[in-house]
Amino acid sequence: MTTASRWPPASLLGGLDERVRRELLGLGQSIRVRDGDRLLRAGDPATHVYLLLLGWFKVHANRPSGDEALIAVRSGGDLVGELAAFEGRPRTVSVRACGPGVVRRIDREDFLAFLTQHGPALRAVLRAVSEKHRWVTRRLTEFAGYAVRRRVACVLAELLEKDLRHQTATAIPVQLSQAELAALAGTSVPSVQRVLRQFRAEGLVETRYRRVVVTDVAGVARLAGTEQAVECVW
């Protein structure tokens with residue numbers, strides 16, 4: 001397995017040139033994290049960024065009511081904390097590990113200096129930022145007009161696309177409560193429960209505690225609107 005194949009091609013690390021990737025991975029400090037460990041907290045100063053090397057991580061934003069809403073899932077190969085680092089402003093989201101993982105913590109000044117000296121890395125980071133904004137735009141326009149069935153199918157397909165495994169039946173690689181799945185799909189918990197019952201009856205999924213196993217990957221992809229790889233820019 002090559003170094004790049006450790007991460008999805010669409011991720012920051014998966015898309016970098018080997019030499020640039022090696023130099024970027026030489027920055028900062030490698031840290032092992034456990035389930036529930038918090039990497040970033042909304043409101044904190046932007047003193048560092050994290051390269052996610054291994055594992056799965058949930059991104060939450062604070063609602064006006066004070067509770068948190070899951071807005072994205074990130075995995076190995078991704079970068080978090082870069083927007084606040086660019087702006088030099090307090091963070092707007094929190095990021096926590098959902099299971100064991102490995103990350104690389106890089107001081108903000110070292111990260112920005114590296115990008116100044118390495119044009120390909122800067123372009124890759126800007127491309128990743130652009131993709132995140134494009135995904136948000138799609139969620140607010142096209143995605144919002146989908147029926148709930150298609151929204152849930154899109155979320156499942158996107159999560160599978162972030163996983164490097166290719167199986168006929170595969171578990172969604174991160175544990176999600178029905179409330180979290182509803183937040184990602186932009187719908188209510190009762191609506192998610194109804195859709196999952198339909199999917200089970202149609203042989204598309206099996207459900208377990210905080211787990212969804214997609215038993216018909218092609219069927220879910222068709223319902224999501226594509227039989228090819230789903231654009232995934234969580």
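Helices (H or I, at least four residues) and strands (E, at least two) are DSSP runs, numbered from the N terminus.

**Setting up.** I am reading a predicted model, where local features need pLDDT of at least 70, side-chain atom pairs count only at pLDDT 80 or more, and totals for chains, interfaces and linings use all residues. Residues are numbered from 1 along each chain as its sequence is written, and side-chain values use heavy atoms, with hydrogens and water left out.

**Arg210.** I looked for this residue and found it in the loop between strand 10 (205–208) and strand 11 (211–214). Its phi is near 55°, a positive value in a residue other than glycine. Most residues other than glycine have a negative phi. I also checked exposure: Arg210 is partly exposed at 28% relative accessibility (buried is under 20% relative accessible area, exposed over 50%, partly exposed in between, with a 1.4 Å probe and protein chains only).

**Cysteines.** How many disulfides does the structure hold? I found 0, taking a disulfide as a pair of cysteine sulfur atoms within 2.5 Å. Cys98 counts as buried at 19% relative accessibility, and Cys154 is buried at 4%.

**Helices 4 and 5.** Next I turned to helix 4 (residues 108–117) and helix 5 (residues 119–140). Phe111, Phe114, Leu115 and Gln117 in helix 4 meet Gly119, Ala121, Leu122 and Val125 in helix 5, where contact means heavy atoms within 4.5 Å. I noted 6 nonpolar, 2 polar and no charged residues in this contact (Ala, Val, Leu, Ile, Met, Phe, Trp, Tyr, Cys and Pro count as nonpolar, Asp, Glu, Lys and Arg as charged, and the others, Gly among them, as polar).

Methods. Axes are lines fitted to C-alpha atoms, for helices over the stretch in contact, and angles run from 0 to 180 degrees between N-to-C directions.
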